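Q: Please take a close look at the aromatic side chains for me, and at how their rings are arranged. I would like one connected walk through the details.

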Amino acid sequence: MLSRLVLVSGHILKNSGSFGACLVQASRSFHQSSQSRAPVPPLPEKGGKVRHGIFPEELFTLLYPKTGVTGPYMLGTGLLLYMLSKEIYVINHETFAAASIGVVIIYGVKKFGPSVAAFADKINEDKVAEAQEVKDQAMASLAQGIEDEKKEQWRVEGRCMLFDAKRNNVAMLLETNYRERLHMVTNEVKKRLDYQVELQNLHRRMEQEHMVNWVEQSVIKSITPQQVQGIWSLH
Amino acid sequence: MIVSFFDQFASPVFLGIPLIAIAIALPWMLYPTPSSRWVNNRLITTQEWLINRFTNQLMLPLNMGGHKWALLLTSLMIFLITTNMLGLLPYTFTPTTQLSLNLGFAVPLWLATVIIGMRNQPTVALGHLLPEGTPIMLIPVLIVIETISLFMRPLALGVRLTANLTAGHLLIQLIATAVFVLLPMMPVVAILTAALLFMLTLLEVAVAMIQAYVFVLLLSLYLQENV
């Protein structure tokens, strides 16, 4: 936090005043990296590899070709013994205080180190998981929207079939109605025609009867008395 | 030259350069700047979480006026805790053992709280000098006592921190010297003393953190009264 204050105030001071701009431009020639900040280079997830908590792994890889696996350890032991024997480092009361605090620090790191690291990882993972869930939910709702849309389109197809069925139904009703009326008309016309036929039949019958009667009457009238005598004499 | 146990508290000056300046700047150098990334590495994540949590806790009893002090109090806390803990390492110099530094923190901050209180709400600030429910006869005496108590606060803040840390370091040095001296003569006693030293170290770690916290907590309490 303090560092940010210093940096921000330094930046403002640098850019203020007439010589501020020149100062920024002049120092620009010393910049090694590119001026743009995007894409941001990724932060390393974990710190550099260390052996025994303090010594970076690069030291061991550096010494390995020349001195093998035990090289750095020999170097460390040698240095330590050199400093002790030449009394460059004098053992005094501080050594014991150092040993004491060293035990506390090493115990603390060994015991609580993994849990603190896991805690920090969990915080980050929760952040990422939250954002991921938002994304997943958005995707799921959009996919659901697609499904619903497809279903609606299928329903619309069904609606056409429904309309066809209804149209057929109506057509059938109209057809039935028309046929009924045609049937009725035919019947009426037939009745009229039958009447006429009966009338003609009646006429002919009546004419026939009339003619028969007339013929009978004429025959009866034409029967002379001698014909009557003749029929009676036969018997 | 007589070597005494108090030499460790002498403010170191090398070639005319007061090294206490470097010692005070050291905590700032040790903490990485929180980056503007969304997901950070473990160190920055833990640091951010700790600072957020601590500031949240500290600002709970304060009203909006007190929240202006968040940056100051949190950075003070981090500074004190770091200097105290770094002082437990061997051959280090702890700036907070110097009374000048601690009074330099305590007096201006305490005075700021008092002046804020007197300026914004003088009645309430003066009212703090009289606890509730005092019998009428005792009022004058109590006002005097409370005023003295008020002026004792910065001294108490500064001296508390100084005394705790100085005493702790002194004890560590003494018992470590005892171990060192006893080791050739009576090894068993030396081992027992070493065990004592170990427990004292644990105590000192706790004291380092607690004293820093108490300093900042009391300041926030004085602020709460006055803001």
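**A close look at the rings**

A: Let's start with B:W110, which counts as buried because its relative accessibility is 6%, below the 20% cut-off for that class. Please keep in mind that this model is predicted.

Now for its ring and the others. Searching the whole structure over all chains turns up 8 aromatic pairs. One of them is formed by A:F96 and B:F180, whose ring centres lie 6.0 Å apart with 50 degrees between the planes, a tilted arrangement. This pair joins two chains, because A:F96 belongs to helix 5 (residues 93–222) of chain A and B:F180 to helix 7 (residues 139–185) of chain B. With a relative accessible area of 32%, B:F180 is partly exposed.

Back to B:W110: this ring pairs with that of B:F151, at 5.9 Å between centres. Their planes stand at 65 degrees, so this pair is edge-to-face; the angle is over the 60 degrees needed for that label. The two residues are 41 apart and link distant parts of the chain, with B:W110 in helix 5 (residues 99–120) of chain B and B:F151 in helix 7 of chain B.

A ring can also have a charge as its partner: the charged end of A:R51 sits over the ring of A:F60, 4.0 Å from the ring centre.

Finally, some aromatic residues take part in a nonpolar surface patch of about 990 Å², whose members include B:F14, B:W28, B:M29 and B:Y31. Helix 1 (residues 20–30) of chain B gives the most to this patch, with 5 residues. B:M29 is found in that helix and is partly exposed, at 49% relative accessible area.

Key:
Residues are numbered from 1 along each chain as its sequence is written. Chains are lettered from A and ligands numbered from 1 in the order in which they are written. This is a predicted model: local features need pLDDT of at least 70, side-chain atom pairs count only at pLDDT 80 or more; totals for chains, interfaces and linings use all residues. Side-chain values use heavy atoms; hydrogens and water are left out. Patches are made of residues with over 30% relative accessible area and no salt bridge: like charges are joined within 9 Å, nonpolar side chains (Val, Leu, Ile, Met, Phe, Trp, Tyr) within 5 Å. Accessible areas come from the Shrake-Rupley method with a 1.4 Å probe; for residues, only the protein chains shown count as cover. A salt bridge is a side-chain nitrogen of Lys or Arg within 4 Å of a carboxyl oxygen of Asp or Glu. Helices (H or I, at least four residues) and strands (E, at least two) are DSSP runs, numbered from the N terminus. Buried means under 20% relative accessible area, exposed over 50%, partly exposed in between (1.4 Å probe, protein chains only). Rings of Phe, Tyr and Trp (its six-membered ring) pair if their centres lie within 6.5 Å; planes under 30 degrees apart count as stacked, over 60 as edge-to-face and the rest as tilted. A charge sits over a ring if NZ of Lys or CZ of Arg is within 6 Å of the ring centre and within 35 degrees of the ring normal.
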